[in-house]
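Reader: Hello! Could you pick one small part, take a close look at it with me, and then show me how other parts fit around it?

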Amino acid sequence: MLHLLAIALVARTSGAVMPVTLLVSLAQPYGYGIAAVVNGVYIALLAFVAPLRGRLLDRIGQRRAIVPMAATAIAFTVLTAVSVGAQWAWGWTLVTVAVAGLTSPPLNAALRTSWRTVVNGEEGPLKTVHSADSVLEEMGFVIAPLLAGLSLTALPPDRAYQLSVAVYVVVVTAYLLALRRYNLGERVAPSPPSEAAGTRRRAHRWIGPLAEPRMLLILSPLLLMGCIFGGGAIFIPAFTQHLGSFTWTGPLLAMISVGGVVGGIAYGALRWDADLWRKYKVLTLGFAIPSCFLVAVRPLWLLALLLLLSGLFVTPIFINAFLLVDREIAADSRNEANTWISAGTNLSNAVITVIVGSYVAGGRWTAALGVLSGCAAVGLAVALLTRVRSTTAPARARHDTVSSVD
């Protein structure tokens with residue numbers, strides 16, 4: 001288990017370092033405009049195509065899907081590193097980045113879908129491993145910017161990017177070896193649908209786990225968090241620059257992640273015997289309430305405090321989201337469902353970034369914060385009004401018929 005957690009930490013960290021080093025290495029010869037286009041295409045493809053890649057894993061199994069995906073992604077990521085070092089025309093780099101993003105294997109979703117197999121289906125260890133996994137992911141968001149800055153300080157930008165690519169290649173190869181070592185990657189065969197469930201199964205064929213109402217309920221707090229993440233990421237640098245307080249930029253950007261690490265560790269150690277849905281509601285309220293007051297923020301220390309308080313609930317929300325997917329979503333759709341957890345956050349992140357960015361560009365700071373507080377208020381209302389009954393028969397009991405893909 002520790003081996004897999006280490007793979008997860010290094011994979012997420014290297015995946016977060018690569019876009020930063022790629023941006024800077026392309027900005028030198030082409031400027032930040034072109035660099036942003038190439039980098040944006042890479043990140044967008046990783047986010048928007050993730051559910052389709054997850055569905056592929058569900059349909060044919062992790063081993064059959066991840067091996068060719070990983071081989072293709074590695075080849076084109078290495079080719080991107082070559083193009084950056086040789087300063088090819090940026091259009092060629094864009095092509096290699098696009099193919100690498102399209103074929104990049106969804107290792108996060110694959111690992112989280114596999115945790116039940118690793119712990120032999122035991123509920124206590126399952127919560128523990130999901131807690132450790134989510135805490136390590138939040139730590140990666142703190143470590144990655146530091147490593148990116150360190151590598152860019154010690155090395156030329158193109159060498160820093162090539163180093164991050166080398167780490168990525170090693171960690172993806174390590175996961176391929178772990179698939180065999182831990183006997184992961186088995187495909188779950190769906191049970192034959194009943195006549196009454198025919199319409200729902202047809203919808204499921206087209207939109208996957210989003211056809212299940214409980215999946216939408218799982219996603220609602222994540223959409224809220226994506227709004228705060230995206231809006232904060234554009235508001236904080238602009239506002240601190242406006243105030244001439246550059247020393248606050250880094251700490252403010254890291255505050256939610258710091259809270260997430262602390263909250264995740266505390267939640268993993270907490271004995272809280274409530275139902276998962278009840279926990280999910282309470283945690284969502286804990287995140288939303290401090291965010292509702294962002295519109296009233298003026299001192300930077302108060303902004304830091306509110307972000308820290310909201311951040312305390314970030315990792316526990318993710319932990320519960322993964323546990324709810326494991327319990328509520330049919331086993332033959334869990335890879336795709338797990339990709340939607342990050343993709344949903346990224347989608348709302350992208351939308352709010354554009355909206356807040358338009359206000360920030362005009363110096364309308366209160367309006368920008370008002371958007372974030374408004375999103376928090378909507379999330380608060382949804383959490384208070386939603387009533388969900390706990391399932392008596394977990395989804396895995398209906399769909400965990402396993403067939404080997406070897």
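Author: Happily! Let us begin at Gln87, which sits in the loop between helix H4 (62-86) and helix H5 (90-103); helices (H or I, at least four residues) and strands (E, at least two) are DSSP runs, numbered from the N terminus. This is a predicted model, where local features need pLDDT of at least 70 and side-chain atom pairs 80 or more, while totals for chains, interfaces and linings use all residues. Numbering starts from 1 along each chain, and side-chain values use heavy atoms, without hydrogens or water.

Gln87 is not a glycine, yet its phi is positive, at about 55 degrees. Gln87 also counts as exposed because its relative accessibility is 54% (exposed is over 50%, buried under 20%, partly exposed in between, with a 1.4 Å probe and protein chains only).

Now step back to see what surrounds this loop. The chain's secondary structure consists of 17 helices and two strands. Of its 406 residues, 49% count as buried. Take the contacts (heavy atoms within 4.5 Å) in the chain with a separation of 6 or more: residues 24 or more positions apart account for 81% of them.

For a buried residue, go to Ser151 in helix H7 (residues 123-154). Ser151 has a relative accessible area of 11%, so it counts as buried. Leaving aside residues up to four places away in sequence, Ser151 touches Thr21 and Ala160.

Helix H14 (residues 314-328) offers another pair to look at. Glu328 is found in this helix, and Asp326 lies in H14 too. Glu328 is buried because its relative accessible area is 4%. Asp326 also has a relative accessible area of 4%, so it is buried. Asp326 shows how the fold brings distant positions together: Asp326 and Thr113 are 213 residues apart in sequence, but from C-alpha to C-alpha the distance is 7.5 Å.

Next, follow helix H10 (residues 213-243) to helix H15 (residues 334-361), where the two axes come within 6 Å of each other and cross at roughly 40 degrees. Each axis is a line fitted to C-alpha atoms over the stretch in contact, with angles from 0 to 180 degrees between N-to-C directions. From H10, the residues making this contact include Met215, Leu219, Leu222, Gly226, Phe229, Gly230 and Ile234. From H15, Trp340, Gly344, Thr345, Ser348, Asn349 and Ile352 are among them.

Finally, pick out Phe229, which lies in H10. Phe229 counts as partly exposed because its relative accessibility is 23%. Without residues up to four places away in sequence, the residues that Phe229 touches are Ile256, Val314, Thr345 and Asn349. Thr345 and Asn349 both belong to the H15 side of the helix contact. Phe229 and Thr345 are separated by 116 residues in sequence, and their C-alpha atoms are 8.6 Å apart in space.

Looking back over the tour, you can set three residues side by side. Gln87 is exposed, Phe229 is partly exposed, and Ser151 is buried. Try finding each of them in the structure in front of you!
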